[in-house]
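Me: I have a model with a ligand in it, and I want to test the labels against their definitions. Take me through the ligand site and the pockets.

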Amino acid sequence: MAIKENINKINIEITNAELRFDRKQGIVKLLAVSKTKPIELLKEAYECGQRIFGENKVQEAELKFPQMPSDTEFHMIGHLQSNKVSKACKVFTCIQSVDSLKIAKKINNCCKELGKTMFIYLDINISTDENKTGFENNNDFLNIFEEILSLSNIEVKGLMCIGAYTDNVEVIKKSFTDLRELLDLLHLKFPSFKEKELSMGMSSDYIEAIEMGSTMVRVGSSIFGHRN
Ligand SMILES: *Cc1c(COP(=O)(O)O)cnc(C)c1O
């Protein structure tokens, strides 16, 4: 697997997309989704300059992350079960998949005990897919958001979503635009919440996500090859 070529190619495509869609140069970060992949491949990606990795299982992350250099960032991108929160708080740099107030509070309590602050993203079910986790984008969300913002050992870095499951590019772009508009609304309503991030775009749609305002793309198979 030519990881180096893949990472270089994706970084060039990100830069080109930033230029083409009038985005600030260097604003889009690449998160390498390494779920199911062996540690050797993560190390190879690290050697190519990759520093942010994403996993969707706490147990897998616990095995891999101690084997990586200390300047590696580890992001949780999969649905987090309540009984895994305390382990997740020890392992991850950032939890992108916070999808309920209950989980946010639990992360906050665990981090209080650990004496740390956890970076989080809120996972929004933007395309209101029944099979997806995430907050519904409705009036209740603003109240929940305000409560999460007030938690002392959590820092909300931004919003995360998975684009609509479809081949229709316009529908995919619409889900990314909706997430951006929700972030704009939060910026407006909560003045202390400034210049936040949009984690959106995967192997199949990261160029569209950059067009619509993404600041972090989460790419797995285009870097490490298909998963079984
Ligand atoms: C697996 C996964 C990705 C990466 O998907 P690819 O299609 O392999 O790029 C991104 N985000 C989340 C939340 C995932 O679970």
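Reply: What follows covers the ligand contacts, then the two pockets. Keep in mind that the model is predicted.

Me: What makes Val33 one of the residues around the ligand?

Reply: The cut-off is a heavy atom within 4 Å of the ligand. Val33 is listed among the residues around the ligand, as are Lys35, Ile77, Ile162, Met202, Ser203, Arg218, Val219, Gly220, Ser221 and Arg227.

Me: How does that shell divide by class?

Reply: The shell has 5 nonpolar, 3 polar and 3 charged residues. Glycine goes with the polar class.

Me: Why is the pair between Lys35 and the ligand called a polar contact?

Reply: The limit is 3.5 Å between N or O atoms. An N or O atom in the Lys35 side chain is 2.7 Å from an oxygen atom of the ligand, so the pair qualifies.

Me: What makes the Arg218 pair count?

Reply: Here the ligand atom is a nitrogen, and a polar side-chain atom of Arg218 lies 2.9 Å from it. That is within 3.5 Å, so this is a polar contact.

Me: Which part of Gly220 makes its contact, backbone or side chain?

Reply: The backbone. A polar backbone atom of Gly220 is 2.8 Å from an oxygen atom of the ligand. The value is within 3.5 Å, so the label holds.

Me: How much of the ligand does the protein cover?

Reply: On its own, the ligand has 390 Å² of accessible area, and the protein covers 88% of that.

Me: Where does the ligand sit, and what does it take to say so?

Reply: In the largest pocket. The test is that more than half of the ligand atoms lie within 2 Å of the pocket's grid points.

Me: What is known of the space and lining there?

Reply: The largest pocket holds about 470 Å³ of space. It is lined by 26 residues, and Lys35, Ile77, Ile162, Met202 and Arg218 are the closest to its centre. The lining has 9 nonpolar, 12 polar and 5 charged residues.

Me: Which element gives the most to the lining of the second largest pocket?

Reply: Helix 7, with 4 residues. Helix 7 (169–189) and strand 7 (197–199) are the elements that give two or more. The space in this pocket is about 200 Å³.

Me: Why is Arg23 counted as charged in that lining?

Reply: Arg belongs to the charged class by definition, and Arg23 is one of the lining residues. Overall, this lining has 3 nonpolar, 3 polar and 6 charged residues.

Note on methods
Residues are numbered from 1 along each chain as its sequence is written. This is a predicted model: local features need pLDDT of at least 70, side-chain atom pairs count only at pLDDT 80 or more; totals for chains, interfaces and linings use all residues. Side-chain values use heavy atoms; hydrogens and water are left out. A polar contact is a pair of N or O atoms within 3.5 Å; within protein, one must be able to donate a hydrogen and the other to accept it, and residues adjacent in sequence count only if both atoms are side-chain atoms. Accessible areas come from the Shrake-Rupley method with a 1.4 Å probe; for residues, only the protein chains shown count as cover. On a 1 Å grid over the protein atoms alone, a cavity is a set of points where a 1.4 Å probe fits but cannot get out, and a pocket is an open set with protein on both sides within 12 Å along at least five of seven lines; lining residues have an atom within 4 Å of a point. Grid points are joined across faces, edges and corners, and a volume is the space filled by probe spheres set on the points.
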